[in-house]
Each structure stands twice: as C-alpha cells, then as structure tokens.
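Let's take a walk through this one together, from the overall layout down to a few single residues. Have the model open as you read.

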Amino acid sequence: METNGVRLTPEQARSALADTEHIRASAAALSATPWPNWFFITLTLYVAALPITYGGAMADPDWLLPGPVWMGIMLATTAVYGALFAVAAKAWRDKTGVALRFDVLPKRATVPLAVGLPVLLVGAAFAFRVTGWPVWLIAASLIGAAVSVGFHLAFVRLHRKTA
C-alpha cells in the first residue's frame, strides 16, 4: 500500500495486513495446485506401468520379455518421468512464480501416500514372484492409477477451497 509519506490510520494498517495474509494464503494455494493435466496423465500412466515392469524384471523365469529388457523399460520410463517432472515443475514456476512445494499439502493425506503407494507397487511384484499370478500386478496397477486420480481430484478441491 503506497502512503506517499502519510501515516496510515489504524483501519488502513489492518486492511494492509489483511491483504498481506490473503497474498500469503494465495501463494500457499498456488503451490498446492495440482499438476498440469498432461503431467497428471503422465504420472497416472507411470504409476500404472510401474508394477507390471517391476514385476517383469523380478519374475523368476523370463515372463513375456527377458529380465534385462524389463529393467531397461523400467529405467527408460523412470528417466522420461523424471524429465517430465522437471519440465512440469519449471512450467509451474514460470507460470505462477511459486515453486512446487509439498509441505503445504495435508500431511494426513501425503504421509499414507508416500508410505502406502511404494509398498503397493513393489509388494505386488514380490507377490507375483512368489505366486506367479499376474493378477497381483494388474490389481496394483489399477489401484495405483485410481490413487493417482483420487489425489489429483483431492488437490483440485483443495486448491478451489483455498483460492
């Protein structure tokens, strides 16, 4: 608020402080905004493909493809995902001026995701190796994709509520 050397009244000062708090809340909301749709789709496809490729790499005998081919596919998809993550983060920072931050997201949602999703995706590959049933991989793939979509929708709702 520009004062041109004139002292603010208490009411004007409170208004300026309220504006500052609104700006801080808006910045926090922007940094919690969901990914661009193209990256959301990329993330969902990556999460859906990971159990199958990891399961193929861990299969006792060669399953559909040789083990090294599965490992190459997994490394290539992870590299592409990492590159697209960097592009999405840079695009977000350029668009909003706010870096992507995970600390503004609700811990009650992100902690179970950070623990549960890797257990699901890797655990399915171990279950497949032990049993030989690919249903473990397909189920983990579908659940992972559903979790990705659910979190995207939750973050959209969080952004709309705080914006």
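The protein has five helices and zero strands, where helices (H or I, at least four residues) and strands (E, at least two) are DSSP runs, numbered from the N terminus. Reading from the N terminus, the elements go α-α-α-α-α. Before going further, some housekeeping: this is a predicted model, in which local features need pLDDT of at least 70 and side-chain atom pairs count only at pLDDT 80 or more, while totals for chains, interfaces and linings use all residues. Residues are numbered from 1 along each chain as its sequence is written, and side-chain values use heavy atoms, with hydrogens and water left out.

How do the pieces come together? Of the contacts with a separation of 6 or more, 70% are between residues 24 or more positions apart, a contact being heavy atoms within 4.5 Å. Buried residues make up 29% of the 163 in the protein; here buried means under 20% relative accessible area, exposed over 50%, and partly exposed in between (1.4 Å probe, protein chains only). The protein exposes about 10,400 Å², with carbon and sulfur atoms supplying 70% of that area. These areas come from the Shrake-Rupley method with a 1.4 Å probe, and for residues only the protein chains shown count as cover.

Now zoom in on helix H3, residues 67-96. An expected span is 1.5 Å times one less than the number of residues, so the 30 residues of H3 should cover 44 Å, and the end C-alpha atoms, 43 Å apart, agree with that. Gly67, Trp70, Met74, Ala88, Ala89 and Trp92 are the buried residues to look for in H3. Ala88 counts as buried because its relative accessibility is 0%. Phe39 is 49 residues away from Ala88 in sequence, yet their C-alpha atoms are 6.7 Å apart in space. Just after H3 comes Gly97, with a positive phi near 80°.

Next, back up to the loop between helix H2 (37-58) and H3, where you'll find Leu64. Leu64 isn't a glycine, but its phi is positive, about 65°. Most residues other than glycine have a negative phi. Leu64 is also exposed, because its relative accessible area is 69%.

Leu64 joins Leu65, Val69 and Ile73 in a nonpolar surface patch of about 330 Å². Patches take residues with over 30% relative accessible area and no salt bridge, joining like charges within 9 Å and nonpolar side chains (Val, Leu, Ile, Met, Phe, Trp, Tyr) within 5 Å; a salt bridge is a side-chain nitrogen of Lys or Arg within 4 Å of a carboxyl oxygen of Asp or Glu. Ile73 lies in H3 and, at 31% relative accessibility, counts as partly exposed.
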